[in-house]
Amino acid sequence: MTLFPDLVNQEEWVNFNGTMGLKRTHTPVLGLTRIAQFVCRAFGVTLSQLQGPQRNQHVARPRQVVCWLAYGTGDYTASQIGRFLRRDHSTVLHGVRQVWNLRNYYPEFKATTGRLWHLIVEVGEERKGGL
């Protein structure tokens, strides 16, 4: 089950079960490193930059996309994503909200994040089928 297919709007997602996410009860299909690699390739940054201290938009925006994708799959908690990116869980949740907001105002950003979302889901489904 995924949290943000294009058919579900942001309000439904935020209000789901009164929380900002799902209870995770299954084994992740796609690792955080793999999700981050897709984002790095799409935005032209490195994994070490994502995990590093830089806060400029060139690095922070892709980091927020990693948060959005990983949290949205329902596979990872904000704390798990935060440990991976060397950030606090509240920073992860802020990143998720930022991506939602930016998707509402920037069609190109929405298209890029949408393509990444579908790629993550597709690769995850392929891996799940091969298990």
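Helix α5 has its buried residues covered by several neighbours, among them the four helices in this table.

| Helix covering α5 | Residues |
|---|---|
| α2 | 32-43 |
| α3 | 47-51 |
| α4 | 57-72 |
| α6 | 89-105 |

Keep in mind as you look around that this is a predicted model.

Which residues of α5 are buried? Helix α5 spans residues 78-85, and its buried residues are Ala-78, Ile-81, Gly-82, Phe-84 and Leu-85. They lie on the same side of α5 because they cover an arc of only 160° around the axis. Just after the helix comes Arg-86, which has a positive phi, near 60°.

Now let us turn to one of these neighbours, α4. Two packed helices are described by the angle between their axes and the distance between the axes. For α4 and α5, the angle is about 145° and the axes are 10 Å apart. Their crossing is right-handed. On the α4 side, Arg-63, Val-66, Cys-67, Ala-70 and Tyr-71 take part, and they meet Ala-78, Ile-81 and Leu-85 of α5. This set of contact residues consists of seven nonpolar and one charged, with no polar ones.

Stepping back to the whole chain, you will find seven helices and zero strands, so to speak a pattern of α-α-α-α-α-α-α along the sequence. The chain has 131 residues, and 45% of them count as buried. Among contacts between residues at least 6 apart in sequence, 65% join residues at least 24 apart. The accessible surface comes to about 7500 Å², with 52% of that belonging to carbon and sulfur atoms.

Conventions
Residues numbered from 1 in each chain as written. Predicted model: local features only at pLDDT ≥ 70, side-chain atom pairs only at ≥ 80, totals over all residues. Heavy atoms only, no water. Helix = DSSP H or I, 4+ residues; strand = E, 2+ residues; numbered from the N terminus. Buried < 20%, exposed > 50% of the residue type's maximum accessible area, 1.4 Å probe, protein only. Contact = heavy atoms within 4.5 Å. Areas by Shrake-Rupley, 256 points an atom, 1.4 Å probe, with all protein chains shown as cover. Arc of directions from axis to C-beta. Axes fitted to C-alpha atoms, helices over the stretch in contact; angles between N-to-C directions. Left-handed = near helix turned anticlockwise from the far one by under 90°. Nonpolar A, V, L, I, M, F, W, Y, C, P; charged D, E, K, R; others polar.
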